[in-house]
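This report considers a structural model through its helix packing, its chain contact and selected loop residues. The sequence and the structure are shown first.

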Amino acid sequence: MILLIQLLINGIVEGALYALMAQGFAIIYRGARVFHIAHGSIYIAGAYSLFSFYNLLHLPLIMSIFFTLLLVTLIGILCEILVYSRLAKRQASGSVFIIASLAIYIIIINSIALFFGNETQIVFKEISKSYALGEIIVTKIQILQFLFASLSLVFVLIFLTRTRFGMSLKALANNPLLSLALGLDIKVLRIIIFAIGSLLCGITAILISIDVGIDPWSGMSMLLSGAVAMIIGGVNKWEGPILGGFFLGIVQALAVWQISARWQDVVTFALFIIFLFFRPQGILGLKLRMEEV
Amino acid sequence: MNYLLHILIMICLYIILALSLNFIVGYGGLLSIAHAAFYGIGAYIYALLVLQNVPWLISLIFAVLGASLCAYLIAYPTLKLKGDYFILATIGFQIISFGILYNLIPITRGPYGIAGIPRVSLFGIQLTSIPANFLLFGIFAIGIIFFSWAVYNSPFGRILKSIRENEIATQAFGKNTGGVKIWAFVLASGIAAIAGGLYASYVTYIDPTSFTLDESIFILAIVLVGGSGNLKGPIIGAIFLVVLPEILRFIGISSSYAPNLRQIIYALILIIFVFRRPQGILGEYKLE
């Protein structure tokens with residue numbers, strides 16, 4: 001029983017991070033209609049930029065975090081300006097976006113691997129403090145991760161549902177042509193979408209890299225977790241990716257209980273395929289008619 | 001000389017892989033990023049059977065059957081998906097198969113890989129030299145080229161082509177488009193398994209890192225850059241993309257940087273082609 005509660009707590013913390021990744025991915029996927037695989041490389045760029053600012057340049061932590069978030073947002077915007085906006089202009093299909101996105105992913109990841117090598121890099125080398133509640137152990141970093149991830153999620157959710165930007169984003173997601181006719185500046189809107197999505201990705205990267213070491217190749221696994229969390233939660237509601245993230249985190253934690261942690265990616269995709277079979281619209285999703293997709 | 005022959009062997013290998021992926025991408029119009037998974041499954045089945053002293057040709061047949069069966073089980077649910085979800089599902093299968101190869105240590109020996117795979121022997125003579133292996137790869141590559149040509153010009157190939165152009169219209173002609181797509185997928189994966197078996201016998205050592213997502217993307221890049229939807233495109237693509245990174249060797253880039261630089265070059269070429277020439281060098285099918 002104690003073990004189960006411990007695993008659940010670990011799963012919820014991990015889930016909050018997945019939710020953050022998924023929400024960033026979902027904002028881009030819904031708003032700009034780009035299946036942004038390069039999101040995984042932006043995550044790695046975030047982790048490595050924290051490592052370079054904090055461990056290599058010895059800047060204060062707050063400044064390192066600030067510069068990291070700035071850099072990550074910038075990379076996201078550059079992806080849009082240099083590649084996606086041009087593809088969108090010629091009304092390319094989803095497959096073309098995915099190929100372009102894969103190419104960006106490969107370029108960023110391999111450039112990072114060229115500079116920093118393929119080894120795992122660790123930001124904080126000391127072991128973090130942990131608190132014991134009876135027999136359940138929670139580390140200080142886990143509390144920080146959960147706190148900041150949830151705060152960011154709440155802020156973003158308020159931003160998406162209560163502001164004018166959120167409304168225009170919804171309009172763009174529903175019908176790009178009509179929102180153009182309504183006088184929305186789609187160019188600017190898309191840039192903001194990529195900025196916010198990448199910002200969330202950067203926060204996730206920072207929260208994870210203060211806990212565990214990062215190597216360039218862990219980005220794809222994180223990206224897929226985010227994408228799968230978005231799909232199993234439901235793409236067409238903003239609460240979907242958050243719910244999906246927590247669900248995925250808890251399932252993975254419980255799977256670790258039964259089988260080894262090395263099977264994590266396999267568990268993620270097994271879950272994805274089960275959902276595709278039985279509930280392709282996700283937990284919160286609405287079933288769309290053919291012509292609405 | 002052996003270096004040159006090695007490059008030619010790699011070109012033959014990637015011609016086989018690219019032509020098989022062409023069935024799915026160029027003819028079916030479906031982007032699959034799981035081809036290295038079937039390639040790897042073929043290589044592993046072949047290696048494991050050959051090491052049990054099963055003759056190589058029978059091992060190769062079992063490798064093809066095994067990979068085709070996996071492909072059927074994957075294709076059946078995923079081919080119903082549309083666009084992005086289908087691509088994500090193929091990436092998922094790629095990741096799962098890598099996870100299995102890497103973690104199922106009792107069978108696949110995980111990260112340690114399988115060593116000591118014997119080279120192919122013909123009429124009692126083992127093909128140990130590189131020229132002899134080149135001959136073997138060449139024969140298989142030419143065989144696959146003829147086979148692909150026959151399939152492209154068969155009624156099956158024509159239905160596949162018409163699905164790519166307009167699936168609904170093909171259905172209206174009373175063709176079972178779902179079934180045709182599944183069989184194209186199975187066929188492509190079976191041929192990828194042949195490439196896997198040949199590769200295992202040639203390098204005599206395999207480990208999961210040869211069959212990663214990067215490899216899948218590389219095979220897809222060959223098809224897209226060369227041009228999909230016909231016979232010439234993937235062949236030109238394989239020659240172009242296998243030879244190109246060898247230039248790095250001649251300008252004296254240290255071999256520790258070479259793998260990363262190679263990936264970056266592939267990705268840049270892919271982006272340039274997506275923008276400037278979406279149909280590839282010689283393709284007739286254009287991704288839009």
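The sections below treat conventions, the contact between chains, helix pairs, individual helices and loop positions.

**Conventions**

The model is predicted, and local features require pLDDT of at least 70, side-chain atom pairs count only at pLDDT 80 or more, and totals for chains, interfaces and linings use all residues. Residues are numbered from 1 along each chain as its sequence is written, while chains are lettered from A and ligands numbered from 1 in the order in which they are written. Helices are DSSP runs (H or I, at least four residues), numbered from the N terminus.

**The contact between the chains**

Chain A and chain B each contribute 29 residues to their contact, where two residues are in contact if their C-beta atoms, placed from the backbone, lie within 7 Å. On the side of chain B that touches chain A, the elements giving two or more residues are H4, helix H10 (213-226) and helix H13 (258-276) of chain B. H4(B) gives the most to that side, with 12 residues. By class, the side of chain B that touches chain A comprises 21 nonpolar, six polar and two charged residues. In this classification Ala, Val, Leu, Ile, Met, Phe, Trp, Tyr, Cys and Pro count as nonpolar, Asp, Glu, Lys and Arg as charged, and the others, Gly among them, as polar.

**Two helix pairs**

Two packed helices are described by the angle between their axes and the distance between the axes. Axes here are lines fitted to C-alpha atoms, for helices over the stretch in contact, and angles run from 0 to 180 degrees between N-to-C directions.

| Helix pair | Angle | Axis distance |
|---|---|---|
| H4(A) (residues 94-116) and H4(B) (residues 83-103) | about 40 degrees | 9 Å |
| H1(B) (residues 2-27) and H9(B) (residues 177-203) | about 165 degrees | 8 Å |

Angles under 35 degrees count as roughly parallel, over 145 as roughly antiparallel, 65 to 115 as roughly perpendicular and the rest as oblique. H4(A) and H4(B) are therefore oblique to each other, whereas H1(B) is roughly antiparallel to H9(B).

H4(A) passes H4(B) in a right-handed crossing. A crossing is left-handed if the near helix is turned anticlockwise from the far one by less than a right angle, and right-handed if clockwise. In this pair, Gly94(A), Ser95(A) and Ile98(A) of H4(A) meet Gly83(B), Asp84(B) and Ile87(B) of H4(B). The residues of this contact comprise two nonpolar, three polar and one charged.

H1(B) and H9(B) have a left-handed crossing. The residues of H1(B) that take part include Ile9(B), Leu13(B), Phe23(B) and Tyr27(B), and those of H9(B) include Ala184(B), Ile191(B), Leu198(B) and Tyr202(B). The contact of H1(B) with H9(B) has 19 nonpolar residues, one polar residue and no charged residues.

**Individual helices**

The expected span of a helix is 1.5 Å times one less than its number of residues. For the 21 residues of H4(B) this should be 30 Å, and the end C-alpha atoms are indeed 30 Å apart. A residue is buried if 20 or more other C-beta atoms lie within 10 Å of its own, exposed if 12 or fewer, and partly exposed in between, with C-beta atoms placed from the backbone. Of the 21 residues of H4(B), 17 are buried, so this helix is largely enclosed by the rest of the structure.

H9(A) has 15 residues and reaches 21 Å from its first C-alpha to its last, close to the expected 21 Å. Because 14 of these 15 residues are buried, H9(A) is largely enclosed by the rest of the structure. Just after H9(A), Gly234(A) takes a positive phi of about 120 degrees.

H11(A) (residues 264-278) also has 15 residues, and its end C-alpha atoms are 21 Å apart, in agreement with the expected 21 Å. Its buried residues include Asp265(A), Phe269(A), Leu271(A) and Phe275(A). The cover over the buried residues of H11(A) includes H9 and helix H10 (239-258) of chain A together with H4 of chain B.

**Loop positions in chain A**

Most residues other than glycine have a negative phi, and most peptide bonds are trans. Arg33(A) has a positive phi near 60 degrees and lies in the loop between helix H1 (2-31) and helix H2 (39-56) of chain A. With 17 other C-beta atoms within 10 Å, Arg33(A) is partly exposed. His58(A), likewise not a glycine, has a positive phi of about 55 degrees and is placed in the loop between H2 and helix H3 (61-89) of chain A. His58(A) counts as exposed, with 8 C-beta neighbours inside 10 Å.

Asp211(A) is found in the loop between helix H8 (186-209) and helix H9 (219-233) of chain A. It is partly exposed, with 18 other C-beta atoms within 10 Å. Leaving aside neighbours within four places in sequence, Asp211(A) is in contact with Ile141(A) and Gln145(A). Asp211(A) and Val123(A) are 88 residues apart in sequence and 8.1 Å apart in space, C-alpha to C-alpha.
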